[in-house]
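Here is a short briefing for a first look at this structure. Start with the view below, then follow the points topic by topic.

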Amino acid sequence: MEALLCKKIGDPTLPLSSSEDSALTLSTSHPIPQLGSPTSVRVRVKATSLNFANYLQILGKYQEKPPLPFIPGSDYSGVVESVGPHVSKLKVGDSVCSFAALGSFAEYIVADESELYQVPEGCDLVATGALPVAYGTSHVALVHRAQLSSGQVLLVLGAAGGVGVSAVQIGKVCGAVVIAVARGAQKAEFLKSLGVDHVVDLSKEGLTQSVRGFLKLRKLRGIDVLYDPVGGKLTKESMKLLNWGAQILIIGFASGEFPVIAANIALVKNWTVHGLYWGSYKIHRPTVLEDSLNELFSWLKRGLIDVKISHIYSLSEANLAFSALQDRKVIGKVMIVFDDRKGTRSKL
């Protein structure tokens with residue numbers, strides 16, 4: 001089968017196997033994974049999404065460091081190709097999606113039946129390949145942890161990225177007043193099209209002044225929930241805007257800088273700081289993930305959320321996909337799609 005192998009830690013944006021510096025190699029004859037248990041299911045992958053965690057993992061900067069070589073990848077969608085003798089809920093030909101610690105950047109992947117989610121009829125199979133990690137992260141953060149409610153003010157940093165777009169959409173479903181922060185006119189216009197209440201374009205204006213102006217205009221006191229996948233200076237600046245009793249959701253550090261949240265200020269202002277490592281829920285609270293994804297499927301089917309795909313690539317173009325992610329060219333999600341002969345293209 002075709003599979004993308006990470007044989008050394010390095011830059012995933014370099015051309016595949018073109019030099020000794022290349023971290024990634026495209027194998028066209030990798031062994032097809034076999035069913036490992038009576039409840040195993042082999043899925044022919046249709047689509048798999050790129051997440052910032054995949055990028056960091058290949059660079060060797062992610063918290064989980066698998067032994068080399070490994071096949072990267074996390075969330076995916078596809079069609080059931082083979083089932084074990086004790087599989088009872090799925091059959092060959094069913095459309096499914098799931099997420100894995102590794103392995104989705106390949107034509108086939110094997111998972112236990114309990115880890116797979118049947119894609120509801122009417123939902124796009126490619127789009128659902130981006131649902132579990134990005135939308136799952138935002139749903140668990142906003143709905144399960146912060147319990148975001150109607151009328152609360154939500155500030156989303158990095159709002160045009162994969163998790164950012166999902167947070168904006170979920171915030172609107174919850175009835176929150178959504179303030180979206182991004183950089184550049186194209187991203188700002190895109191966010192306006194999602195119905196956000198206020199957009200801060202950092203290429204033209206400062207965060208604090210823009211948000212305070214909007215809050216004053218709407219007669220709002222401050223930010224109730226901060227959704228932060230960025231870190232760094234933006235986090236520090238956002239602290240000035242938070243209400244008493246605000247909740248801070250630490251999602252990631254796309255800026256490369258880890259912010260410091262002063263414990264004395266958190267105490268005085270009664271802030272709650274949530275660390276959100278979504279993948280660990282699979283080990284510690286799997287039912288939370290199951291309930292979360294089931295609600296997301298319901299919202300997707302009803303048209304309450306819409307997975308925004310920015311670019312589609314083939315597996316042989318994986319380095320270009322990572323380049324788009326690195327260069328902040330992405331609005332929404334980047335996908336690798338199999339059996340797609342049209343080549344790289346923008347979806348927006």
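The disulfide count is zero. This is a predicted model, and every value below is computed from it. The briefing starts with the cysteines, then moves to the cores, two helices, two single residues and some backbone features.

**Cysteines**
- A disulfide is a covalent bond between the sulfur atoms of two cysteines.
- Cys123 takes part in no disulfide. Its nearest cysteine sulfur belongs to Cys97, and the distance is 9.1 Å. The cut-off for a disulfide is 2.5 Å between the sulfur atoms.
- Cys123 is buried, because its relative accessibility is 13% and the limit for buried is under 20%.
- Cys174 cannot be paired either, because the closest cysteine sulfur, in Cys123, is 19 Å away, too far for a bond.
- Cys174 also counts as buried, at 17% relative accessibility.

**Nonpolar cores**
- In soluble globular proteins, nonpolar side chains tend to be buried together.
- The largest nonpolar core here has 59 residues. Leu142, Leu154, Val168, Leu191 and Tyr227 have the most contacts inside it.
- A second core, separate from that one, has 39 residues. Among them are Leu4, Ala23, Leu90 and Phe105.
- What does Leu154 touch, beyond residues up to four places away in sequence? Its contacts include Leu142, Leu148, Ala167, Gly171 and Ala176. Val177, Val178, Ile179, Val225 and Tyr227 are also on the list.

**Helix H10**
- H10 covers residues 286-302, which is 17 residues. At 1.5 Å a residue the helix should span 24 Å, and its end C-alpha atoms are 25 Å apart, so the two values agree.
- Its buried residues are Val288, Leu289, Ser292, Leu293, Leu296, Phe297, Trp299 and Leu300. These residues lie on the same side of H10, because they cover an arc of only 165 degrees around the axis.
- An α-helix has 3.6 residues a turn, so residues three or four places apart point the same way.
- The face turned away from the buried side carries the exposed residues Thr287, Asp291, Lys301 and Arg302.
- The buried residues of H10 pack against two strands, S5 (95-99) and S7 (117-118). They also pack against helices H2 (125-128), H3 (131-145), H4 (162-173) and H9 (281-284).
- Ser298 is in H10 and is partly exposed, at 30% relative accessibility. Ser298 and Cys123 are 175 residues apart in sequence, but their C-alpha atoms are 10.0 Å apart in space.
- Gly303, just after H10, has a positive phi of about 80 degrees.

**Helix H1**
- H1 runs over residues 52-59, and its buried residues are Asn54, Tyr55, Gln57 and Ile58. They sit on the same side of H1, because their arc around the axis is only 165 degrees.
- The packing partners of these buried residues are strands S1 (3-6), S2 (24-27) and S3 (40-50), together with helix H11 (318-326).
- Gly60, just after H1, takes a positive phi of about 80 degrees.

**Two buried residues**
- Thr48 is in strand S3 and is buried, with a relative accessible area of 0%.
- The Thr48 side chain reaches the backbone oxygen of Asp75 at 2.9 Å. A polar contact of 2.7 Å also joins the side chains of Thr48 and Ser104.
- Beyond its neighbours within four places in sequence, Thr48 has contacts that include Ser74, Tyr76, Phe105, Val334, Met335 and Ile336.
- Gly232 belongs to helix H7 (residues 232-238). It is buried, at 10% relative accessible area.
- Gly232 touches Ser255, Glu257 and Pro259, leaving out residues up to four places away in sequence. Gly232 and Leu296 are 64 residues apart in sequence and 30 Å apart in space, C-alpha to C-alpha.

**Backbone features**
- Most residues other than glycine have a negative phi, and most peptide bonds are trans.
- Leu68 and Pro69 are joined by a cis peptide bond, with omega about -10 degrees. Pro69 is in the loop between H1 and strand S4 (75-83).
- Lys219 has a positive phi, near 60 degrees. Lys219 lies in the loop between helix H6 (207-218) and strand S11 (223-228), and it is exposed at 76% relative accessible area.
- Asn270 has a positive phi near 55 degrees. Its place is the loop between helix H8 (263-268) and strand S13 (272-275). Asn270 is partly exposed, at 40% relative accessibility.

Notes: Residues numbered from 1 in each chain as written. Predicted model: local features only at pLDDT ≥ 70, side-chain atom pairs only at ≥ 80, totals over all residues. Heavy atoms only, no water. Buried < 20%, exposed > 50% of the residue type's maximum accessible area, 1.4 Å probe, protein only. Helix = DSSP H or I, 4+ residues; strand = E, 2+ residues; numbered from the N terminus. Arc of directions from axis to C-beta. Contact = heavy atoms within 4.5 Å. Polar contact = N/O pair within 3.5 Å; in protein donor to acceptor, adjacent residues only side chain to side chain. Core = buried A, V, L, I, M, F, W, Y, C linked by side-chain atoms within 4.5 Å. Expected span 1.5 Å × (residues − 1).
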